[in-house]
Amino acid sequence: MTTELEIGLYIFILAGFLGYHVITRIPPLLHTPLMSATNAISGISLIGSLVVAGANYSRLSTVLGFLAVTCSSTNVVGGFLITDRMLKMFKRKQEMGIQRRWHQLNRQQWLAISVLIAVLLLLIFWLRRPGTATNVADAATALRYSYIVSAVLFILGLKGLSSPKYARRGMFLAAFGMVMAIVGTLFHPEIVNYRWITIGLAIGSIVGGSMGLRIPMTAVPQRTALSHSLGALAASLIGISEYVRHLAVGLDSVKMTTIGLEVVIGSLTFTGSLMAAGKLQGLLPGAPITYRGQNIFNITLLATVIATLIYLVFVPSASTLFFIIVGLALLFGFLLVIPIGAADMPVVIALLNSYGGLADASMGFVLMNKIQIITGSLDGTSGFLLSLLMCRAMNRSAINVLFGAFGKVQEEEAGAAGEAKGTVRSITPEELTVLVDSIRSVIIVPGYGMAVAQAQHGVSELAKLLSARGIDVKYAIHPVAGRMPGHMNVLLAEANVPYDQLYTMEQINPYFPEADIALVVGANDVTNPAAKNNKSSPLYGMPILEVDRAKSIIVLKRSLRPGFAGVDNELYYDPKCMMLFGDAKESLNQLFAALKS
Ligand code: NAP
């Protein structure tokens, strides 16, 4: 057991390093698909769940396994489908309008998948044919090798995300790895009953499939949070099942540690992610909920959970305590997220993604399943890296995000900073057409308001019209514009904007002084010059898009209200700046119509 644990730990650490190496090479353009891809891959917890649901351990284990199969298969199907939907949208200019040979490729690839699965099935059938125990052992060996191949395919899948060109192919390999692991697991020697497995897989596929195919791109953050909660719930349920099962035969301290970590991390991630999804969907109040002594209470609660867990490691038979820590962990996840504002949820989601990875890896340790240790480690690394990236781009620390009740503080500051700071000039769409007549270059700066207004198609149509008039159009994408990493990239890809027109902040900033117009569509904080000039501003130090250096600035938003950070934007008082007030989609439609006429 100890040797197995050591090997598991080595695998966990090495997979983490490998994950770091692969994931740091994924461009911000594909950060949203990365989130859903790791989500789909971490659905590998399905294979552990299949064994628990299908083995004849106990009625309780079967029920918990069935629920876990349903949750995990929802993640697998939904995760791969939505990732593919997103990746399909990323095209370069010369690929626009050209039907890529994906159709044909897909057919060949599906054929290859079918043949390989058939070969795998035949092999395992043959190895498991009625006969000697050696055949069962051979089948188990075949299964282990199929897991190794699946792990390689997952890593290649993530590596594919380092370029939009290879991303879909990479995800195809990862999906193939997943199918192989699942089909192989169905022949696991301990599985004796397929009824609950079949029902769980069917429900999970229907729910995941409809989510993956139907969910609008603007709802991707909440879908991601929801699937983290499902994955974590699956890990927690399997942990409970394994605890009850092993309790009867005796639990050693290693097993108890891994089960304890699995249920604690799984349970807190479950309620935390559910809260995050509720806040993002608007089902729960988005503002931070705070009270006196909140942080101290939360830290005490966490310390109690850890102390109880340590006690359980030495006295695993204290089953009442075990169920108490499950309850406390569920409560902790809930309390951890309520003081965080809805706008900070993307960082929280990425962090919960990383916790979900840890829960998955712990499940791998409990079941001594190496592929789960690998995917858990990859998922954990990806979530952690993304949250760090977001914090860096916002110039804030993870501690500030988790414990700072940011939205609340900023709302108060916004109230104080609400008074007018100078003269603001406004412009109508008709007046803007006159200005457009004499320009040669435009940089479009999309932000969260574009997502709210669903104005991405209007932006794309306007850009096409301007390009047709010989005007050079570029898009400036700030790493934290919108409400999740890569948010703007996905929305613009959905509106058929070629990704080679999208420039990162570092690439575009030198172009601003040459730009005749910087057209800001629903962006605010990411353009605020106070981040460069005003040491007392909460935004000071955050890298921004240097819109203020353009020859003229047009801002499309509804009012002078601040954005996420609650800070007044100095840009609006710049003599070069003109405000086109109104909903971004409507303003763009009016501008388009005025330009056409
Ligand atoms: P922002 O600063 O939040 O500003 C968005 C602006 O959109 C608002 O000022 C709002 O002004 C406008 N707006 C809302 N609805 C609109 C509509 N229908 N039509 C036109 N305008 C509309 O957005 P941002 O510049 O994209 O900056 C993102 C912020 O989110 C940053 O502070 C960043 O740190 C934070 N954040 C981002 C991430 C991420 O991963 N992307 C993660 C966490 C936090 P009106 O109300 O006046 O219209």
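Biologist: Is D516 buried or exposed?
Modeller: The model we are looking at is predicted. In it, D516 has a relative accessible area of 16%. The cut-off for the term is under 20%, so D516 counts as buried.

Biologist: Which residue forms a salt bridge with the side chain of D516?
Modeller: Look for a nitrogen across from the acid. The N to O distance is 3.4 Å, and a salt bridge needs these atoms within 4 Å. The partner of D516 is K551.

Biologist: How many residues apart in sequence are the parts that D516 and K551 tie together?
Modeller: D516 lies in the loop between α21 (505-508) and β5 (517-521). K551 lies in the loop between α22 (530-533) and β6 (552-557). The pair therefore ties together parts whose separation in sequence, in residues, is 35.

Biologist: Is K551 buried, partly exposed or exposed?
Modeller: K551 has a relative accessible area of 48%. Exposed starts over 50%, and buried means under 20%. The value for K551 lies in between, so K551 is partly exposed.

Biologist: Which residue forms a salt bridge with R469?
Modeller: The closest N and O atoms of the pair are 3.5 Å apart. R469 lies in the loop between α19 (456-468) and β3 (472-477). The partner lies in the loop between α17 (429-436) and β2 (441-446), so parts that are 32 residues apart in sequence are tied together. That partner is D437.

Biologist: Is D437 buried or exposed?
Modeller: The relative accessibility of D437 is 61%. R469, at 38%, counts as partly exposed. The line for exposed is over 50%, so D437 counts as exposed.

Biologist: How far apart are the closest N and O atoms in the salt bridge of R549 with E546?
Modeller: R549 is partly exposed, at 39% relative accessible area. E546 is buried, at 18%. Their closest N and O atoms are separated by 2.6 Å.

Biologist: How many salt bridges does the count come to?
Modeller: Three pairs have come up here. Among the pairs are R469 with D437, D516 with K551 and R549 with E546. The full count of salt bridges is nine.

Biologist: Which residue shares a polar contact with the side chain of Q222?
Modeller: Q222 sits in helix α9 (residues 220-249). Q222 is buried, with 14% relative accessible area. Beyond four places in sequence, Q222 touches A277, L280 and Q281. The polar contact spans 3.0 Å, and the side chain at the other end is that of Q281.

Biologist: What is the relative accessibility of S150?
Modeller: S150 lies in helix α6 (residues 133-160). Beyond four places in sequence, S150 is in contact with G177, M180, A181 and I371. S150 counts as buried, and the value is 0%.

Biologist: How far apart are the C-alpha atoms of G341 and G286?
Modeller: G341 is in the loop between α12 (319-337) and α13 (345-367). G341 is buried, at 7% relative accessible area. G341 is in contact with G286 and P288. G341 and G286 are 55 residues apart along the chain, yet their C-alpha atoms are separated by 5.6 Å.

Biologist: How far apart in space are G470 and R440?
Modeller: G470 is in the loop between α19 and β3. G470 is exposed, with a relative accessible area of 60%. R440 is 30 residues away in sequence. From C-alpha to C-alpha, the distance is 7.2 Å.

Biologist: Which helix gives the most residues to the shell around the ligand?
Modeller: Two helices each supply at least two residues, α14 (370-394) and α18 (448-453). The top contribution is four residues. The helix that gives them is α18.

Biologist: How many residues of the shell around the ligand are nonpolar?
Modeller: There are 30 residues around the ligand, and N524, D525, R558, S559 and D583 come nearest. Eight residues of the shell are polar and six are charged. The nonpolar ones number 16.

Biologist: What share of the ligand's accessible area does the protein cover?
Modeller: Start with the polar atoms. A ligand nitrogen is 3.3 Å from a polar backbone atom of A481, and ligand oxygens are 3.0 Å from a side-chain N or O atom of K557 and 3.5 Å from one of R561. On its own, the ligand has 920 Å² of accessible area, and the share covered is 97%.

Key:
Residues are numbered from 1 along each chain as its sequence is written. This is a predicted model: local features need pLDDT of at least 70, side-chain atom pairs count only at pLDDT 80 or more; totals for chains, interfaces and linings use all residues. Side-chain values use heavy atoms; hydrogens and water are left out. A residue is near a molecule or strand if one of its heavy atoms lies within 4 Å of it. A polar contact is a pair of N or O atoms within 3.5 Å; within protein, one must be able to donate a hydrogen and the other to accept it, and residues adjacent in sequence count only if both atoms are side-chain atoms. Accessible areas come from the Shrake-Rupley method with a 1.4 Å probe; for residues, only the protein chains shown count as cover. Ala, Val, Leu, Ile, Met, Phe, Trp, Tyr, Cys and Pro count as nonpolar, Asp, Glu, Lys and Arg as charged, and the others, Gly among them, as polar. Buried means under 20% relative accessible area, exposed over 50%, partly exposed in between (1.4 Å probe, protein chains only). Contact means heavy atoms within 4.5 Å.
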